[in-house]
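User: Could you take a close look at one part for me, the place where the two chains meet? I'd like one connected walk-through.

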6 protein chains.
Amino acid sequence: MKLTAVFPGTFDPITNGHLDIISRGRDLFDRIVIAILRNPDKDPLFALEERAEILKTVVGPWSNVEVDSFDGLLIDFVRARGARVIVRGLRALSDFEYEFQMTLMNQRLEPGIQTVFMMPSEAYSYVSSRLVKEVARLGGDVTGLVPPDVATRLNRRFAGMRRGGGRG
Amino acid sequence: MKLTAVFPGTFDPITNGHLDIISRGRDLFDRIVIAILRNPDKDPLFALEERAEILKTVVGPWSNVEVDSFDGLLIDFVRARGARVIVRGLRALSDFEYEFQMTLMNQRLEPGIQTVFMMPSEAYSYVSSRLVKEVARLGGDVTGLVPPDVATRLNRRFAGMRRGGGRG
Amino acid sequence: MKLTAVFPGTFDPITNGHLDIISRGRDLFDRIVIAILRNPDKDPLFALEERAEILKTVVGPWSNVEVDSFDGLLIDFVRARGARVIVRGLRALSDFEYEFQMTLMNQRLEPGIQTVFMMPSEAYSYVSSRLVKEVARLGGDVTGLVPPDVATRLNRRFAGMRRGGGRG
Amino acid sequence: MKLTAVFPGTFDPITNGHLDIISRGRDLFDRIVIAILRNPDKDPLFALEERAEILKTVVGPWSNVEVDSFDGLLIDFVRARGARVIVRGLRALSDFEYEFQMTLMNQRLEPGIQTVFMMPSEAYSYVSSRLVKEVARLGGDVTGLVPPDVATRLNRRFAGMRRGGGRG
Amino acid sequence: MKLTAVFPGTFDPITNGHLDIISRGRDLFDRIVIAILRNPDKDPLFALEERAEILKTVVGPWSNVEVDSFDGLLIDFVRARGARVIVRGLRALSDFEYEFQMTLMNQRLEPGIQTVFMMPSEAYSYVSSRLVKEVARLGGDVTGLVPPDVATRLNRRFAGMRRGGGRG
Amino acid sequence: MKLTAVFPGTFDPITNGHLDIISRGRDLFDRIVIAILRNPDKDPLFALEERAEILKTVVGPWSNVEVDSFDGLLIDFVRARGARVIVRGLRALSDFEYEFQMTLMNQRLEPGIQTVFMMPSEAYSYVSSRLVKEVARLGGDVTGLVPPDVATRLNRRFAGMRRGGGRG
């Protein structure tokens with residue numbers, strides 16, 4: 001059978017932990033659609049367009065991975081894309097509670113779509129977009145935690161903020 | 001791509017929670033191999049042969065599910081069967097720690113084999129083989145928690161034990 | 001002895017999980033007082049008056065349940081109502097940490113008032129007011145997770161928001 | 001309404017944490033029946049008779065508390081005693097998983113019987129029968145963690161073991 | 001060897017749980033530097049200057065404890081102070097996830113600096129600055145949870161707020 | 001001040017996760033005493049003498065680390081050695097509950113002795129003696145998880161068992 005899987009997230013920005021999961025997922029499924037949450041409610045560091053641009057560059061070499069975005073119910077997006085699987089990363093240090101709640105809710109909203117969890121390498125067990133941004137904002141080195149292009153963009157962004165009057 | 005997934009366990013006995021996961025897994029993968037752990041070290045309630053017989057009956061209607069058994073390293077079995085995926089059920093009430101440890105160890109032993117976790121319906125969030133056996137042993141009704149044939153066998157087994165001199 | 005129990009919460013809106021706990025509580029205690037937190041600090045979806053109106057309709061058939069509201073310390077409200085018990089729902093997927101902290105603090109503030117935790121049916125293990133609102137806001141169906149009247153109000157509210165210019 | 005609550009456990013031996021819960025429970029319910037699990041499968045330190053004797057002495061001053069024992073399904077015992085509530089202590093450091101599984105199972109076996117959880121004082125958050133026995137066995141002082149009579153019995157028991165050839 | 005340890009936090013305000021950890025830490029290390037996070041992003045109840053003043057009064061009698069403040073990366077502050085240890089309190093009821101993520105990140109940023117966790121007495125297992133402020137704001141008594149001077153300041157501050165137009 | 005710290009454990013066998021903690025601990029304290037639990041109750045894979053021999057070889061190059069063994073209360077051993085600190089490793093995947101219970105109990109038994117927790121590198125987050133033995137027993141490669149000498153001994157031991165009639 002031909003299976004399309006959706007890997008949803010905010011990707012603000014993508015980390016090497018995300019990449020690790022995408023790489024594992026594309027090994028199992030015929031096609032991975034990375035679904036960037038547009039989330040106009042939050043205030044992302046990178047605009048949707050820049051997040052999409054970064055992702056496309058990073059996953060460019062992988063022929064069976066594509067980048068899209070969504071708002072509304074994830075399950076509606078998954079259906080619209082003709083996918084039957086949602087892939088989620090699960091770190092020992094991540095938020096189980098939320099993942100479980102969402103999965104049970106999504107099973108209820110659409111029993112025909114399955115959620116599978118995959119674990120990133122232990123090397124990424126503590127890496128989250130939030131923590132990476134926090135460290136980069138304070139001038140810490142995030143090389144090795146995000147793709148090189150993302151590290152460059154984070155440094156440029158926060159250096160600009162600091163030049164522009166400090167972060168306070 | 002053609003994907004075979006292995007669903008390992010002791011299945012002493014199979015519960016409706018296991019069945020729920022197998023049903024989800026066979027929806028995603030071309031073939032599911034249920035791998036019964038022979039575990040001569042523990043003292044199972046049902047012998048390997050009976051566990052296999054039960055499983056074969058229960059999954060009989062599903063053409064892409066087969067039943068096998070293993071000892072030794074799971075990862076060796078997965079390789080030998082030409083599979084590339086391990087499927088594990090993950091309940092909100094189950095043992096994360098052990099699952100995480102095993103997954104990271106298996107990633108290290110064989111990076112080419114992926115572990116995916118799937119959640120059973122919330123209706124089975126509290127059902128485990130151990131608890132089902134404990135309740136059945138004490139004369140409680142386990143209908144609806146295990147396939148009907150298993151309920152019958154549990155009742156027969158424990159009635160025999162009680163007739164044979166109490167459970168003490 | 002005659003026992004009054006207080007079931008505090010924001011109830012923005014009440015879910016079937018809350019109702020499940022109230023129903024269990026009224027089976028044990030002579031009177032249940034549902035205590036709606038006025039919380040002027042947060043920005044609730046339903047105003048206090050509407051939350052109270054909904055609750056009164058929903059628990060109307062139960063003679064030993066009444067609806068009240070409070071701000072200030074919960075323990076002061078409990079004392080003022082002549083109650084000696086606080087009832088809290090505890091889901092496998094809920095926030096233990098906060099519940100434990102509050103209970104130990106309340107034991108300290110007033111040793112004569114006891115907190116008891118009750119578990120809702122597993123069918124409601126993933127249902128929270130927050131998640132229900134999120135799903136309804138995005139157009140998902142929440143029938144069966146909240147009382148029918150609440151589902152209607154949620155749909156009406158969010159449809160109005162969408163008509164009024166999108167949710168962004 | 002007149003409510004009888006059952007507080008089940010092994011009580012091998014009773015700790016001050018157990019007593020704290022019994023004291024809170026008797027404040028809420030008309031009658032507390034302490035139900036000692038006979039568990040012939042495990043190898044208790046104190047025989048059922050001694051555990052019952054200890055409990056009766058300790059709760060003697062409380063007129064609405066009585067001591068009984070059971071084997072078989074707890075829910076059958078609760079029914080037989082005409083009780084409608086099961087009381088369980090829940091420590092921040094205790095085994096949630098097991099408590100949740102048992103509660104959901106018991107809800108299923110008998111929807112008319114409710115389980116309520118109560119928290120002991122933080123002073124007992126780390127006290128368990130197992131830990132108390134381990135410390136006493138190695139000659140540590142357990143005064144303040146168990147009733148005085150239990151401390152005396154533990155010392156006598158383990159001193160005898162040490163005289164009788166060491167604990168090895 | 002001479003060891004300086006840094007104990008970082010917001011201390012808005014210091015609690016007896018913090019003091020318990022500082023007291024344990026000063027027993028082990030030659031010098032403890034309390035590092036107040038300046039965090040201009042949050043809206044603290046007490047300004048940095050008042051938090052520092054409180055801390056200096058409270059730890060005044062301890063000769064090997066000093067008070068400082070920082071922004072930027074903690075690890076940079078630790079290096080600048082010539083310290084080699086970060087001390088963190090770890091309560092059974094606290095946020096493990098965050099602590100683990102930060103510790104692994106800090107190990108990566110500077111392998112030569114170690115993080116050690118210490119547990120406060122169980123008496124403080126539920127005490128946090130946030131909860132203390134919430135209780136004090138609502139008029140509850142926080143004596144025994146914070147140093148006497150802090151209790152006085154909290155009462156004065158919140159009484160002023162209430163006089164100034166309620167907390168709403 | 002001169003500080004001696006005790007690092008207790010069964011070390012059956014020592015893993016690279018243990019070594020990581022010892023290495024961090026010797027960086028902070030003047031002397032580390034590795035305290036092997038004699039535990040005659042369990043059935044260790046390596047006898048006490050062999051565990052001590054392995055440890056002495058492995059930590060031989062570190063001048064401020066020594067190897068000893070104990071039974072009885074850990075706190076008595078710590079006192080007897082003139083130590084004031086107990087060092088424990090804390091993995092995101094380890095048993096918090098037990099660690100917390102033991103620490104609070106030890107604080108009560110001897111307030112003058114502190115327990116500090118240190119985290120191993122994320123590379124060892126899933127490594128435990130138990131898991132290493134299980135993998136080695138089934139013929140899996142444990143290189144990199146334990147010191148080379150331990151890997152050799154594990155292979156020899158389990159090869160002998162397999163030759164001697166299988167592991168069943």
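Analyst: Here is the interface, followed by a little about the chain behind it. Keep in mind that this is a predicted model, where local features need pLDDT of at least 70, side-chain atom pairs count only at pLDDT 80 or more, and totals for chains, interfaces and linings use all residues. Residues are numbered from 1 along each chain as its sequence is written, chains are lettered from A in the order in which they are written, and side-chain values use heavy atoms, with hydrogens and water left out.

Chain A brings 28 residues to the contact and chain B brings 28 residues, with contact meaning heavy atoms within 4.5 Å. Together the chains bury about 2,500 Å², 63% of it from carbon and sulfur atoms; that is the accessible area (1.4 Å probe) the two parts lose on being put together, summed over both. On the chain A side, helix H1 (16-28), helix H4 (96-109) and strand S5 (114-118) each put in at least two residues. Helices (H or I, at least four residues) and strands (E, at least two) are DSSP runs, numbered from the N terminus.

What about salt bridges between chain A and chain B? The rule finds 0, looking for a side-chain nitrogen of Lys or Arg within 4 Å of a carboxyl oxygen of Asp or Glu.

As for the chain behind this surface, chain A has 6 helices and 5 strands, running β-α-β-α-β-α-β-α-β-α-α along the sequence. Its C-alpha atoms fill a box of roughly 50 × 30 × 30 Å along the principal axes. Within chain A, 78% of the contacts with a separation of 6 or more link residues 24 or more positions apart.
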